[in-house]
Amino acid sequence: MNIAVCVKHAVDEGELRADTSGRPQLQGALSKMGSFDRNAVEEAIRLKESNGGSVTVVCLGGADSKKTLKEALAMGCDKALAVASARALDALATSYYLSRALKKAGPFDVVLLAEGASDTYHGLVGPMLARWLGLPFLGFARKVEVNGSKVRTEAALEDRAESYETVLPAVISVVSEVNTPRYPTLLQIMQAAKKPMEEVTVESLTDEGAPKFGVTVGDVVVQSVDRKKLVFEGPAEETSRKLIDALRKEGLL
Amino acid sequence: MDVLVFSENPHLAAELLSAGAGLAAASGGRAYSVEADSVRQGTHGNALLLRSEVPLLGDPALLAEAISAARKTKVAPVVLIGSTKTGRMVAGGLAVLDQLCVLSDVRDLRVDGGRLTGTRGVYAGKFNALVGGPLPSIALIPQGSYEPFSEPSGPVEEVRVTTGPPKVSREELRSSAKSSLDLRGAKVIVAAGRGLKAKEDLAIVQRLADALGGVIGASRPLSSDLGWLGEEYHIGLTGVYVHPDLYVAVGISGQIQHVAGIRDSKVIVAINRDKQAPIFQVSDYGVVGDLYEVVPALLRALGRP
Ligand SMILES: Cc1cc2nc3c(=O)[nH]c(=O)nc-3n(C[C@H](O)[C@H](O)[C@H](O)COP(=O)(O)OP(=O)(O)OC[C@H]3O[C@@H](n4cnc5c(N)ncnc54)[C@H](O)[C@@H]3O)c2cc1C
């Protein structure tokens, strides 16, 4: 089975700080493979382990993306494909260039990705990619089962759980509870350096179908936290009484 | 300028209709609630009913195709879609079909100089970004951003649409009696986190919620990883955005992805035994202590032991 998994090299949102003007300090900020992307890579490797075949990991982004690609190779992917883009692209353009890159490198039976990126969380690249590729999309899977030429997934939507079934090839997005991602061993990390990594540029994939406009991102400023931050410590009888008093004063009780 | 709005969730659809009516009114246009398969009970405002050979509801890919087909007869430069998992899938498909920008999870929506603009949280809600796209564009809007449309029902226009055949067969495994709406509309929410040792202990959280006249919610691990509660209870970036008057976090550390969903609460209270827990940084009132002591003490203080 030919499997592709798309990942994003994302800013570590937990560590990101604001500068004095309240803008994100992106220069020198820590970055890593998107949190949910690790689950997508793990699922791809598991599918290979149970069905045979090979996994190609694809990452669209800047030069840093190679770190994420190497990590995915160390986890057990077989080949890496870097889609180099000098600037940040929106979901429509990202999914478009990923679809072009996958068409060139494919055909793939399964294309996996995460439900959303951990830094921007649009959750749009999956359904867009499926549409560009003309493939069925099985979204938000917490369970993936491949059976011959068919795939069945289970998804938890806001108010119900559903199961989906379709004939491969298909695009599948996974949520974090689908699996627990493995950590590569030192040996695997060393071996990953020898695995093939190809690179294509967004420019080389541009054709007349490419989106000609995109979402623009203007000013980015830190969310102000305007909270009282009154903290009560001490015996529970005392702290709970203080809390109740405070809530009464707020008119909440 | 006409606006189309769609959500599979009727309450969210009513909110979108308000947002859409506001945008359309400025240019003498109309907002249409896109209805698939049949007109829902309680739909207000103008409706655009999509009539298709195959059932559309439940299949985001077909819904995208149907809305795209409808846009050929009803020129609508702005499409508002409810920010749910289904909504994201519909928006993604429609964006590719019709070559539209998608602004996701935006508020303060405006049409200005041929552009649709709004603000959205980025980096797990730690920052706010101004975003915009040229018309025509799609905006995904989270629930609770607008008051539901309350004017009487208007006329229903029908459009015949053809879509491809369904590619995915779908089966419902579990339907929730309680919808996440209770949470989104709730005035008081007591949310449980991993600080709880066992599923049974949700009972004391429920008791506190009852005593405060509210409902319970949860952090993602409880609904997703542990499965102690349904997905409809999951609050945060990847779950429900809530905006109660009072939000009480019990045994929740306050990771930014959770906080992203509770920022609009009027008053935030945290109960956590770790004084360093980040939740205290975003709370109005905090109690440092073991929840197994503090929650019972609160119940006693409220006269509800
Ligand atoms: C992309 C992405 C999206 C995410 N989306 C969401 C989301 O939408 N919603 C969400 O909630 N999470 C989300 N998460 C997960 C999030 O990062 C945290 O892992 C999660 O919120 C932690 O849940 P928690 O606070 O319940 O658990 P923990 O972080 O484990 O915190 C438990 C807390 O309980 C306290 N505690 C323990 N025992 C007691 C006791 N006896 N009495 C009092 N306090 C006690 C501890 O001090 C600790 O602070 C997301 C993560 C990622 C990467």
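## The ligand and its neighbours

A nitrogen atom of the ligand lies 2.8 Å from a backbone N or O atom of Ile235(B). This is a predicted model, so please read every distance here as computed from that model. Two further residues of chain B face oxygen atoms of the ligand. For Arg194(B), a backbone N or O atom is 2.8 Å from a ligand oxygen, while for His234(B) an N or O atom in the side chain is 3.0 Å from a ligand oxygen.

Where does the ligand lie with respect to chains A and B? The ligand sits between the two chains. There are 28 residues around the ligand, and those that come nearest are Ser219(B), Ile235(B), Ser253(B), Gln257(B) and Asn272(B). Ile235(B) is thus one of the nearest residues and also the one whose backbone approaches a ligand nitrogen.

## How the two chains meet

Now let us turn to the contact between the chains themselves. On one side are 85 residues of chain B, and on the other 82 residues of chain A. Together the two chains bury about 7,100 Å², with 59% of that area on carbon and sulfur atoms. In chain B, the residues that lose the most area to chain A are Tyr123(B), Phe127(B) and Tyr285(B), which together make up 11% of what that side buries.

Phe127(B) turns up again in a strand pairing across the chains: Phe127(B), in S8(B), is the bridge partner of Val222(A). The strands involved are S12 of chain A (residues 216-222) and S8 of chain B (residues 127-134), which pair in the antiparallel sense over five bridges.

## Polar and charged links between chains

How many residue pairs are in polar contact between chain B and chain A? The count is 45, with both residues at pLDDT 80 or more. Helix H3 of chain B (residues 85-98) supplies ten residues, the largest share of the side that touches chain A. That side of chain B divides into 40 nonpolar, 21 polar and 24 charged residues.

Side chains of opposite charge can pair when their charged atoms come close. Between chain B and chain A there are eight salt bridges. Asp284(B) and Arg227(A) meet in a salt bridge through their side chains, at 2.9 Å from N to O.

## A link within chain A

Over all chains, the structure holds 36 salt bridges. Arg182(A) and Glu49(A) form a salt bridge, with their closest N and O atoms 2.9 Å apart. Arg182(A) lies in the loop between strand S10 (170-174) and helix H5 (186-192) of chain A, and Glu49(A) lies in helix H1 (residues 35-51) of chain A, so this pair ties together parts that are 133 residues apart in sequence.

How values were computed:
Residues numbered from 1 in each chain as written. Chains lettered and ligands numbered in written order. Predicted model: local features only at pLDDT ≥ 70, side-chain atom pairs only at ≥ 80, totals over all residues. Heavy atoms only, no water. Contact = heavy atoms within 4.5 Å. Buried area = accessible area lost by both parts, 1.4 Å probe. Salt bridge = Lys/Arg side-chain N within 4 Å of Asp/Glu carboxyl O. Polar contact = N/O pair within 3.5 Å; in protein donor to acceptor, adjacent residues only side chain to side chain. Helix = DSSP H or I, 4+ residues; strand = E, 2+ residues; numbered from the N terminus. Nonpolar A, V, L, I, M, F, W, Y, C, P; charged D, E, K, R; others polar. Pairing = 2+ DSSP bridges. Near = heavy atom within 4 Å.
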